[in-house]
Amino acid sequence: GRTARLWAALEPALRERLAAASLQDAVRLGCDVLRKEEEEAALEQLCHRAPTGKKPEAVSWYREQGNREFKRGRYQAALRLYSRAASHELPGSPEVSVCFANRSAALLHLGHFEVCLEDIARAESHGYPDRLLPKVLLRKAECLLCLGRLQDAQDVLRVLESKIALDGAMTTHLTRLKKLSQLKVKLGEKERCPEPAQGGHGGTQGEPEIWEENSSISGASSSLSLSFDAERGRHLVASQDIMAGQSLVKEEAFVSVLCPGESLALQDGDTAWDTRATNADLYCHRCLRQLLASVPCQGCSYAQYCSQDCADRAWQQYHRTECPLGALLLTLGVFCHVALRTVLLAGYAEVSRLVEGSHCGDKNLQNPEGSCRPLSEADAGAGSRGVPGCDSSGRYQSSYQALFHLLPHTEQHSPEHKFLCTLSVVALCKQLQAAGLEAAVLSQESPQQCSKPKTCEKTSEELSPELKTVAEAMLRHMLQLQCNAQAITVMQEMGPGDGAVVDKKPVRLATAFFPVLSLLNHSCCPNTSVSFSGTSVTVRAAQPISSGQEVLHCYGPHWSRMRVAERQQLLRQYFFECRCPACLQELQSGVKSVVSIRNSFCCPKCRAQMQGEEDTLCCSIEACATSASRDHLSGRLQDLQQEIKKALELLRVGKADQAIKKLLKCQMDAETFLSPEHLLMGEMEDHLAQVYATVGKWQEAARHLRKSIEIVEMHHGPSSVETGHELFKLAQILFNGFAVSEALSTIQRAEGILSVHFGPQSAQMQELQEMKACLSELPRNILQRT
């Protein structure tokens, strides 16, 4: 809102100058606009709503909340709260050792024995109080015992016995002594009867696929080639016939920034701390792996890592500069954060080389696609020297040079958007200068090592020439992100995650730049499937692709999920008109999209489809002639969605019977005005399956899930990833209900689909193979009965 007011207050002449300005001029104008002290004060005020500093007073509060969850047996929630407490501890505080020790107790209950031992070691190294040590040593022995490390467990028990003997107040250790004697008995039993070594099931790992890397495009398969023409720009083409499921690109993100998840902003006057788990609590801020026992940053309460190694690397590469700016980065948003991290990872020397190159009359950088001639056969054979972003040998790498050459579309962004991005990068660079971080940015030295930077003598009025170069590069990256940002998504468990059937939904985890993935053009009916693991992406062929065909990726609007008008509207942000086969067919023939036919309202009297583009809808059967207001039916749909939400909330708090009643009532209501093929009808069947599975009614659950699969197949196709996920759930239900033969055939169907989209090594494939191995080992008489 503030930016809109600033934009409105600008003189018309200045607005016109900004609209037509080059990136370099935009930065100069931005510096002039942000001179006023009240603007800086307003930004500072906004930052108070997203605090990232350490608050020692929050430690005991979070720890208490963790203890409360622990006593209720909700160990996963306790784990997150103890981590949050540790993230607010000041470095060197002995209190942090108590957070780690408490967390190790939750980890033991969850069966994460190796990680539990790591937390015990952390507690010991951070000065855990000697009087409490017996409790932790007992836990350590128990972990070692569970891991089968008998000798180590025995050594710990000896130390524990001597500590208890030295302590005069024996009564405090009575329960511990009892536990100790129980552990010794267990230890003796394990020594007498060692457990047989676990033999792995042959063939459950899935065959590693054959992969030959392209000699001129890093991370791409040798079955692709890089092409270029004025209409499609850079794009990838199949240089040979490709089979469904074949890997085409495997690329590590050049840069990625974790999206904070739900807003943690505190309202003015709020004192309570937030206990909701967001992305920031669940995933490593560097490698995006799921967090169990996080290692907090020493300087802020926001960044958490999966290991000390990730914490150290992040600090060296970028976090030492970002750490003091955490609140500002959260306030300015993830695109601004990606832009800063990109220049920090590239290094100032490379950034200034390319920025200066873009000033030297290198018009290719402003619009490389339009100004380059199409490659001739000879060029194509000799590599890709004519293609922007390639190095001097014609190789296209996942490098800063390739990233810098992605199109910023400087002239096509709305002037107001360009203004907002400019103010963001200028504000950030001014803050870098004011906080004495300029030397760290320019020389990549750690702030502790560098002497007080000379630039600090400047007033905050004027940015140094070097920081103007940094600001220009960042502005370029912010504008590039609108068309080239890639959302890294992860299948996240919905609900408590303790049921026999796990419901997973894709969740946006991070925003990243992938220079090679960015070569893929969009289609609403793509021939590839994209999946992520941490910060790396894999692109697979979702169907056979013939030699000479372009390899295409969907930027979001898919023909099976959205009508053509909505798709075209959404794709405008990418500055092109989609002319893929799905769009052309719907636009030219005036054929009503399958999405609108299937997701239509039905006549309350005769159940036929309602039709009409206006506010009043009419029954498609003329003899019936029933009409209804579109607004009225849309209102009913919204009310229904609210009721479904309430039913799921009942399930979440353990009231399964009430959830079933409410969902069945929703279903009856839906049947009176929604088409039987409506996606929401499928979602309700899926929810009912989930609730019945929760109470162990496997046959009922399977019946509802089969109906859900029918509707999902109708919308997304029988070989779609959505159908694969539903079949995976059905396999889990049939497995738990001992419906062996149907479970085996469902597993086979799910494997056929999921291996194409995620490859043979994926976690879901491993789980399917484990279920299959388990079922095939059941006694013959059970197999014959089912």
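Histidine 409 is found in the loop between α20 (400-404) and α21 (415-434). Its phi is near 50°, a positive value in a residue other than glycine. Most residues other than glycine have a negative phi. Histidine 409 counts as buried, because its relative accessibility is 15% and the cut-off for buried is under 20%. The model described here is a predicted one.

Leucine 288 can be read in a similar way. Its place is in the loop between α12 (279-282) and β5 (295-296), and its phi is near 65°, a positive value in a residue that is not glycine. At 4% relative accessibility, leucine 288 counts as buried. Leucine 288 also falls in a span that appears in a database record: UniProt, in an unreviewed entry, lists residues 284-323 as "domain: MYND-type". Over residues 284-323 the chain is 38% helix and 10% strand, and the C-alpha atoms at the two ends of the span are 15 Å apart.

With these two loops placed, the whole chain can be considered. The protein chain has 786 residues, of which 48% count as buried. Its secondary structure comes to 34 helices and 15 strands. Among contacts with a separation of 6 or more, 65% are between residues 24 or more positions apart.

What lies in the interior? In soluble globular proteins, nonpolar side chains tend to be buried together. In this model the largest nonpolar core has 105 residues, and those with the most contacts inside it are Leu340, Tyr396, Tyr400, Leu428 and Met474. Leucine 428 shows what such contacts look like. Leaving aside neighbours within four places in sequence, leucine 428 is in contact with Leu325, Leu328, Leu329, Leu332, Cys336, Leu340 and Met474. Another core, of 52 residues, lies apart from the largest one; among its members are Phe601, Ala608, Leu650 and Ile733.

Tyrosine 400 also gives an example of positions separated along the chain. Glutamate 350 and tyrosine 400 are 50 residues apart in sequence, yet their C-alpha atoms are 8.0 Å apart in space. Glutamate 350 is in helix α16 (residues 348-359). Is glutamate 350 buried or partly exposed? Its relative accessible area is 25%, so glutamate 350 is partly exposed.

The strands come next. Strands of a sheet pair through backbone hydrogen bonds, either parallel or antiparallel. Strand β1 (residues 224-229) and β2 run antiparallel and are joined by six bridges. A hairpin of three residues connects β1 to β2, and leucine 224 stands opposite alanine 238 in β2. Strand β2 (residues 233-238) is mostly covered, with six of its six residues buried.

Further along the chain, three strands form an open sheet in the order β13-β14-β15, with antiparallel pairing. At its edges stand β13 (610-611) and β15 (627-629); each has a single partner strand, so one side of each is left without a neighbour in the sheet. Strand β14 (residues 616-619) pairs with β15 over three bridges, and cysteine 618 stands opposite serine 627 in β15. Helix α27 (residues 630-652) packs on this sheet and touches β14 and β15, its direction making about 65° with that of β15.

Helix α27 also takes part in a recorded feature. UniProt, again in an unreviewed entry, lists residues 630-657 as "coiled-coil region". In the model this span is 89% helix and 0% strand, and its end C-alpha atoms lie 34 Å apart.

The last helices to consider are α32 and α33. Glutamate 751 is in helix α32 (residues 740-758). Glutamate 751 counts as buried because its relative accessibility is 10%. Apart from neighbours within four places in sequence, glutamate 751 is in contact with Met765, Leu768, Gln769 and Lys772. Helix α33 (residues 763-776) has 14 residues, which at 1.5 Å a residue should span 20 Å; its end C-alpha atoms are 20 Å apart, which agrees. Which residues of α33 are buried? They are Gln764, Met765, Gln766, Leu768, Gln769, Met771, Ala773 and Leu775. An α-helix has 3.6 residues a turn, so residues three or four places apart point the same way. Among the buried residues of α33 are Met765, Leu768 and Gln769, each of which is also in contact with glutamate 751.

Key. Residues numbered from 1 in each chain as written. Predicted model: local features only at pLDDT ≥ 70, side-chain atom pairs only at ≥ 80, totals over all residues. Heavy atoms only, no water. Helix = DSSP H or I, 4+ residues; strand = E, 2+ residues; numbered from the N terminus. Buried < 20%, exposed > 50% of the residue type's maximum accessible area, 1.4 Å probe, protein only. UniProt positions renumbered as here; feature names shortened; annotations may be inferred. Core = buried A, V, L, I, M, F, W, Y, C linked by side-chain atoms within 4.5 Å. Contact = heavy atoms within 4.5 Å. Pairing = 2+ DSSP bridges. Axes fitted to C-alpha atoms, helices over the stretch in contact; angles between N-to-C directions. Expected span 1.5 Å × (residues − 1).
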